[in-house]
Amino acid sequence: MVMKKFLGNRKNERLIRHYLPAFAYAVGSSTLSNTSPPQLLRSYRSWKVVGEETDTQSTASTLFNGLHVFQCPDQTGIMAKLTECIASRGGNILSGDVFVSRQKQVFYSRNEFVYDPLQWPRAVMEEDFLDLAKMFNAPKSIVRVPEIDPKFKIAVLVSRQEHCLVDLLHGWQEGKIPVEITRVISNHNREPNTHIIRFLERHGIPYHYLPTSNENKREEEILNLVGDTDFLVLARYMQILSRKFLESYEKDIINIHHGLLPSFKGGNPFRQAFDVGVKLIGATSHFITEELDGGPIIEQMVERITHRDTLLSFANKSENLEKQCLTKAIKYYCELRILRFDDSKTIVFD
């Protein structure tokens, strides 16, 4: 009788659903209420947990959001162990994506979850996922808690054209791009009273003018400036980084290309595409490799072109695509949505 009275209280019901899901399922939804319990939806590529938003709203202030990506040789039971790891610490998976390459026999996953930091301290979480990585011989296992982990540090390299840089800075200012911009480096001089310089000075972001030549790309100086960054962003930096630079930096570099790779590589792709009368233009964000404009593609965007477009309208449409495509690539990187498939491809959990 006491138990029935306890279960009949909707406030108590929500507590049970959140903190004692196993108990809730054991008792049965017909005993607790007329509503259905949260359901697990699954497909071959991805699965998601769908529940009532009101069940978590009352305790949302005490919960943190976590992200975890995992890559390892495929075998039975990986997802079960990942789920058990999170659930055993009182966490709840909100969404998950899984991809298994049958050709390579490699397992890839990305999970978003909520957890109580009092039940699962950050250091313990790191150890738990490290144990799983050792268990499955995983070359990649990364966990982030955006609310408490430091933001990714980036440096932005740019040449004369600044539409991508301006868009990136404004997005960062509005909190839409979760990074810490440590500095802007350019081979193009900008006067002190320009919009870019005033913005950077107002936010305490250093601007480094390093003029380049065919004989000196200033790569040693750039390396000294970006040593503390997590990755680099080339926002229309029109210099080719050498193999020595890439090997020395060793971290990821994201570039925006004003065209749909692999077509129209190199300089002046606007004119290349315009002259052949393309009907679709695009922009491509990709990782930098030794091959010119040949690194693994992260994102591509397109827009239709007609015979009525001029070279100017053509360029304006392309610039808008570049800004959107670069921003999306940076956000995806910070949200751990990008995994390397091989030297020429990526897996993007969008």
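**Exercise 1.** Work out how strand β12 is joined to β13.

*Solution.* Start with the pair itself: β12 (residues 280–287) and β13 run antiparallel, with 7 bridges between them. Strands here are DSSP runs of E, at least two residues long, numbered from the N terminus, and two of them pair if DSSP finds at least two bridges between them. Now pick one bridge: Ser285 has Glu299 in β13 as its partner.

A quick note on the model: it is predicted, so local features need pLDDT of at least 70 and side-chain atom pairs 80 or more, while totals for chains, interfaces and linings use all residues. Residues count from 1 along each chain as its sequence is written, and side-chain values use heavy atoms, leaving out hydrogens and water.

**Exercise 2.** Place these strands in their sheet.

*Solution.* Read off the order first: β9-β8-β7-β10-β11-β12-β13, an open sheet of 7 strands with mixed pairing. Next, find the edges: β9 (207–209) and β13 (297–304) each pair on one side only.

**Exercise 3.** Find how many disulfides the structure holds, then decide whether Cys85 and Cys334 are buried or exposed.

*Solution.* Look for pairs of cysteine sulfur atoms within 2.5 Å, which is what a disulfide is. The structure holds 0 of them. Then check accessibility with a 1.4 Å probe, protein chains only: buried is under 20% relative accessible area, exposed is over 50%, and partly exposed is in between. Cys85 has 10%, so Cys85 is buried. Cys334 comes out at 7%, so Cys334 is buried too.

Methods. Helices (H or I, at least four residues) and strands (E, at least two) are DSSP runs, numbered from the N terminus.
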